[in-house]
Amino acid sequence: MLAVFKREFLSYFRSPVGYVALALFSFLSGYIFVSLFGSGEVNLAVEINLLTRYFMIIIPIITMGLFSEDKKRGTEVLYYSSPVSLFSVVMGKFLAALSLFAVLFVNVIIHMIITAMYGGVVDINAWGSVIVYFFLAALFIAIGVFASALTDNQIIAAIISFVIILAINLLSYISGMAQSAATTIATSLGSDVDKVNTIGERVAAVINWFDPLEKTKNFLYGIFSVAPLIFCLSFTLVFLFLTYRVLEKKRWSQG
Amino acid sequence: MSENKEMKNKENKKEKGAKSSVDRRALSLKVFSVTSVVIILVIVLLINVVFDKIIGKKLEFDFTSTEQNSVSEMTVDYIKSLPNDTHIRIVGLMDRPEDYRGTEYEYIVPLLDDYQKQSGGKITVEYIDPEKHPSITKELDPKGVYDLQSNIFALSCNGHVETVVPLYCYNYDQEMLNYGQYVPTANNVESTFTNAIVNLTRGYTHKAYIVSGLDNHDDSQLQTILNALGFEVAEIPASDSFTVPEDCDLLYLNNIDKDITESMYLAMDDYLQNTHGNLIVSAGFTQYNSTESFDNLNLLLNKFNIAISDEVLMENDPSYIMDANAGSYYAELGGNYGGFTTNNEKVKYASARPITTSDFNRQWITQYPVLLTSSSATTYAFDENGTPVVHNNKNQFDLGLFSTYTDVGDKAPQVYVFGITTLTDDAYIGSFGLSDANAVFIRNIIRSMFGIENSIDIPSRPLANYSINSDKVNQKTVSGIIFIFMVVIPLAFVITGVVIYKKRKNL
């Protein structure tokens with residue numbers, strides 16, 4: 001696993017991908033930081049929270065080539081023939097992408113230092129946001145890794161992960177639409193106003209339950225909770241397992 | 001020939017057998033794959049449901065430095081002291097706010113979650129929008145007496161309802177408020193909700209009336225203080241038909257600018273003499289009352305050997321001057337009032353009138369100074385041209401006096417008169433909060449009047465301040481930071497990427 005991790009991590013810096021991600025991330029985080037700095041109030045929890053909204057752009061760039069590039073070159077056969085287990089390959093690539101995210105985060109650490117230098121506050125809300133940042137990054141990277149394993153085309157892999165992460169970002173909006181739809185249907189069936197709205201709210205609640213952004217929101221207010229982290233971690237493992245199964249399928253379908 | 005045919009048949013059979021065994025293996029692996037994915041998903045969902053619904057709340061921690069999102073021990077102790085069958089519903093008459101950062105719900109929503117968590121089932125918190133669920137208003141308030149509206153919180157227990165308006169859960173910067181901007185300076189969310197719970201479960205023990213129409217100020221902070229002490233508060237407008245209601249335990253003339261009328265004097269005199277009433281008066285020296293001499297009010301107060309002076313106080317002792325330019329000073333506590341502020345902290349005030357005793361000293365009156373200037377204070381009056389003229393030599397003056405009748409026990413009327421307004425002024429408390437020495441002092445005064453011992457004082461909590469040091473930051477600094485973070489660093493990475501790309505391309 002370490003060998004795969006090392007190879008993948010270094011490959012980010014041997015190709016323009018890592019630098020593009022770094023340039024994009026430093027520009028976006030820099031833009032948010034200077035906007036806050038210019039206003040005279042720097043709440044780093046706000047900056048970090050806003051950065052998680054840009055995951056849908058950065059993560060597809062980082063993860064799109066992880067498996068699809070090997071598939072395209074035909075080097076994926078090494079997964080099955082080398083002495084490294086398939087799960088180690090998946091984990092190695094996943095950890096390499098996550099480590100690149102940690103490198104990107106150095107930008108925010110510099111912002112923290114500057115904020116403290118100018119008499120600002122780096123409070124517990126900011127540290128809570130850092131935890132959320134890495135757990136959400138892990139989840140979305142796992143989605144990107146999974147998308148990359150589905151196809152041999154990097155662009156398609158990027159589009160798949162972009163669409164999934166975008167859908168997750170829009171879950172609260174989707175739940176609102178589902179609520180209105182459920183309410184409309186229940187109204188047409190002749191239920192009374194209270195019941196209709198209860199049905200709509202329950203539908204929205206079920207959809208919102210799957211929203212990791214909603215679940216982790218309280219960290220921004222200094223409330224640390226284990227349940228949202230378990231949610232992110234468990235679904236990260238689910239997507240890594242799905243990636244493993246997709247690759248494993250190739251082995252027995254070749255048989 | 002036949003041998004060849006047999007051989008071919010055998011080979012075909014062998015091939016078919018091998019193929020079917022591969023198919024069977026592929027199928028079983030496919031089934032295994034799908035089943036394992038389904039099992040993993042079910043396990044993950046179950047784990048998350050357990051963490052989310054069952055043990056998740058126990059694994060939630062408030063790490064804020066001021067524990068903004070946690071109820072204090074005082075609240076927990078009070079809730080614990082309630083009978084086990086108590087059930088308080090806190091209903092937010094709105095959808096549960098989602099992104100509440102920067103809104104008035106920021107400190108309310110997480111704190112209410114903690115009320116529910118700490119209450120051991122005695123408190124439930126719900127969010128129900130009355131526009132979507134019209135039945136909730138009738139359910140909480142069948143008689144329609146509590147005026148329940150959207151976007152407020154209704155606390156309900158045994159048919160009684162208390163309401164909390166989110167906007168009133170904070171202190172605001174009064175200067176900004178003058179420009180119509182609500183800039184919160186302190187958080188009183190817990191104090192507001194806990195006192196609403198106390199009043200809901202214990203009921204109001206006293207009734208206070210604030211006389212309106214004699215000033216230009218709001219009394220909402222004073223009402224908050226009185227509510228928290230178990231007082232139900234109502235207003236009585238100043239008029240010629242003024243009467244003091246029979247259920248009045250405390251009559252409050254808060255920050256008055258105008259004198260009372262003669263009929264009001266008679267009604268108040270009757271209230272104090274015949275029903276052994278309690279009166280608190282505060283009248284400072286402001287632009288609105290600089291020419292007011294409070295003749296009728298002084299007629300009433302003279303019966304308690306007190307008078308509000310026409311003059312203005314001037315503090316000369318530097319240790320009693322808070323800010324000479326702003327005209328704000330410190331007052332020390334009277335001898336009988338030690339411990340009425342935390343660590344006997346001095347009370348703050350601005351432009352004050354001295355409170356004097358009348359020349360004719362009445363033996364049947366017991367009187368204590370409540371607040372005092374330094375011994376270097378002077379007073380001045382205005383001449384006919386409006387020029388201030390120093391009137392008194394350096395001396396110690398009373399800023400607040402208490403009077404009652406001697407040796408009549410519980411049946412004695414009690415009168416407090418203050419020549420300052422900062423004890424109960426909305427603007428002052430709005431800026432300094434309910435934990436400031438002035439608010440603590442007036443609470444203790446009212447407690448001592450009524451022997452209240454078990455009210456709950458939950459201090460205001462400071463709000464997070466993310467301001468950077470404006471002395472260190474100028475336009476040049478901001479421009480430099482913009483240039484470094486938005487141009488230099490991203491461009492450096494882009495250039496490095498291009499160089500790497502070109503080098504790799506040439507390999």
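**Helix packing in chain A and the overall form of chain B**

In this predicted model, helix α3 of chain A, comprising residues 44-52, and helix α8 of chain A, comprising residues 106-117, have axes that come within 11 Å and cross at roughly 165°. Because angles over 145 degrees count as roughly antiparallel, α3(A) is roughly antiparallel to α8(A). The crossing of these two helices, α3(A) and α8(A), is right-handed. On the side of α3(A), the residues that take part in the contact are A:Leu44, A:Glu47 and A:Ile48, and these meet A:Val108, A:His111, A:Met112 and A:Thr115 of α8(A). Classified by residue type, the contact of α3(A) with α8(A) consists of four nonpolar, two polar and one charged residues.

Chain B contains 12 helices and 23 strands. The radius of gyration of chain B is 35 Å, whereas a value near 23 Å would be expected for a compact globule of 507 residues. The C-alpha trace of chain B spans about 150 × 65 × 40 Å along its principal axes. Of the 507 residues in chain B, 37% count as buried. Among the contacts in chain B with a separation of 6 or more, 72% are made by residues that lie 24 or more positions apart.

Two asparagine residues of chain B were examined with respect to their backbone conformation. Most residues other than glycine have a negative phi. B:Asn151, although not a glycine, has a positive phi of about 70°, and this residue is placed in the loop of chain B that runs between α4 (135-140) and β4 (153-157). B:Asn151 counts as partly exposed because 15 C-beta neighbours are found inside 10 Å, a number that falls between the limit of 12 or fewer for an exposed residue and that of 20 or more for a buried one.

In B:Asn343, likewise a residue other than glycine, phi is positive, with a value near 55°. The position of B:Asn343 is in the loop of chain B between β15 (328-333) and β16 (347-350). With 6 other C-beta atoms within 10 Å, B:Asn343 is exposed, since 12 or fewer such neighbours suffice for that class. The two loop residues with positive phi in chain B thus include B:Asn151, which is partly exposed, and B:Asn343, which is exposed.

How values were computed:
Residues are numbered from 1 along each chain as its sequence is written. Chains are lettered from A and ligands numbered from 1 in the order in which they are written. This is a predicted model: local features need pLDDT of at least 70, side-chain atom pairs count only at pLDDT 80 or more; totals for chains, interfaces and linings use all residues. Axes are lines fitted to C-alpha atoms, for helices over the stretch in contact, and angles run from 0 to 180 degrees between N-to-C directions. Helices (H or I, at least four residues) and strands (E, at least two) are DSSP runs, numbered from the N terminus. Angles under 35 degrees count as roughly parallel, over 145 as roughly antiparallel, 65 to 115 as roughly perpendicular and the rest as oblique. A crossing is left-handed if the near helix is turned anticlockwise from the far one by less than a right angle, and right-handed if clockwise. Two residues are in contact if their C-beta atoms, placed from the backbone, lie within 7 Å. Ala, Val, Leu, Ile, Met, Phe, Trp, Tyr, Cys and Pro count as nonpolar, Asp, Glu, Lys and Arg as charged, and the others, Gly among them, as polar. The radius of gyration is taken over C-alpha atoms; the globule rule is 2.2 Å times the number of residues to the power 0.38.
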